[in-house]
Each structure stands twice: as C-alpha cells, then as structure tokens.
Amino acid sequence: MLSSDPSRGDYIVTLIHYPYGGISFARSSDKKWTTMSLPGLYDDAIFYRDQFYATFDGRVDVWDDLDEEWKTVVPKPKLVDFYPFYFSFWLLVQTPSCDLLHVWGKIVLMEYNDDTETPLMIVYRLDIHNGTSLQVNVPSTYLFISNIYIY
C-alpha cells in the first residue's frame, strides 16, 4: 500500500507479509524495510486520512506515526457466526464518498450442496471518532473487493 502518490515526493510503502500477518514499511528515503511490532496477525491495511489503519481479528488499529505503538480505535463487532465455513477474512475499503468500511467475509458451504461455495459478506461503516461500527446495506452501490493470497 502507498501512503500517497510517489510523484508528489515523500511517501511510505507498507506490506503485509505471510504466513504470519506481520507488517513492514519503508519510507521513500529508507534504504531497508522496517518490521513493525504488532499485537497479532493482520488481514488488511489502508492509508486513510493520513493515518495507517489495519484490521486484525475484526478490530481496527491505527498508527498516527509508524514509529509509534498502535492503538485500537474500533473493537470487533458482535457477529452472528455461520457454520460450516472454510475461510474468514476482514478487509478495509474507502468509498468514493470517503467513508471507511470494514468488510467481514466468509466462504460458506451452501446448505444443500457440499461442493458449492458462496461468499458471505457483512459490511460495517466505521466511526473512527466514536470507536464504533454500524452494519450497513449496500443495495444500490456495488462493492468490488479483492483479497489475494500468494503461497
């Protein structure tokens, strides 16, 4: 992820590395990557309004400065679980209207056909200032997300 357009000068590049969900970053002036000290395994991250946000087990953490410690700004929402499932993930998405969304996704077995999988996604709008999330419907807006894992 890039913090800003590199053609504008100073920027930060971050990446989540697997299999451990760690985060490393490098500023445009750095000669090497710096690995951050983290509380857990992160699923996704985003630069949003000049801060770095990452999601881990459903909660959202923020760094005002990547050299400082993280702080949790939105705890994990209460969820209704669906079984059986294969894979669960959390993603952060910035909308064109500059809202920050938190998407919980699962790959769920369909009830009558064990060979068919269907994605299940629940979308939350984050209120960073109040530390809350609100489940929202996105019927008139299409949400395109991609979660790529390279093994």
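**Exercises on an all-strand model**

Strand 1 (residues 12–17) and strand 2 (residues 22–27) run antiparallel and are joined by six bridges, where strands are DSSP runs of E with at least two residues, numbered from the N terminus, and two strands pair if DSSP finds at least two bridges between them. The model is a predicted one, in which local features need pLDDT of at least 70 and side-chain atom pairs count only at pLDDT 80 or more, while totals for chains, interfaces and linings use all residues. Residues are numbered from 1 along each chain as its sequence is written, and side-chain values use heavy atoms, with hydrogens and water left out.

**Exercise 1.** Determine which side chains of strand 1 are buried, and find the bridge partner of Ile-12 in strand 2.

*Solution.* Start from the general pattern: in a regular strand the side chains alternate between the two faces of the sheet. In strand 1, Ile-12, Thr-14 and Ile-16 point to one face and are buried, buried meaning under 20% relative accessible area with a 1.4 Å probe and protein chains only. Val-13, Leu-15 and His-17 point to the other face and are not buried. Finally, look across to strand 2, where Arg-27 is the bridge partner of Ile-12.

**Exercise 2.** Work out the order of the four strands in the open sheet, and explain why strand 4 and strand 7 each have one side without a neighbour.

*Solution.* The strands of this open sheet follow the order 4-5-6-7, with antiparallel pairing. Because strand 4 (44–48) and strand 7 (71–74) stand at the edges with a single partner strand each, one side of each has no neighbour in the sheet. For the last pair in the order, strand 6 (residues 59–63) and strand 7 are antiparallel over three bridges, and Val-62 stands opposite Lys-71 in strand 7.

**Exercise 3.** Describe the largest pocket through its space, its lining and the strands that contribute to it.

*Solution.* Begin with the space, which is about 300 Å³, a volume being the space filled by probe spheres set on grid points joined across faces, edges and corners. A pocket is an open set of points on a 1 Å grid over the protein atoms alone, where a 1.4 Å probe fits, with protein on both sides within 12 Å along at least five of seven lines, and lining residues have an atom within 4 Å of a point. Of the 17 lining residues, Ser-3, Ile-12, Phe-47, Asp-50 and Gln-51 are the closest to the centre of the pocket. Next, strand 4 and strand 5 (51–56) each supply at least two residues of the lining.

Note on methods
Ala, Val, Leu, Ile, Met, Phe, Trp, Tyr, Cys and Pro count as nonpolar, Asp, Glu, Lys and Arg as charged, and the others, Gly among them, as polar. Buried means under 20% relative accessible area, exposed over 50%, partly exposed in between (1.4 Å probe, protein chains only).
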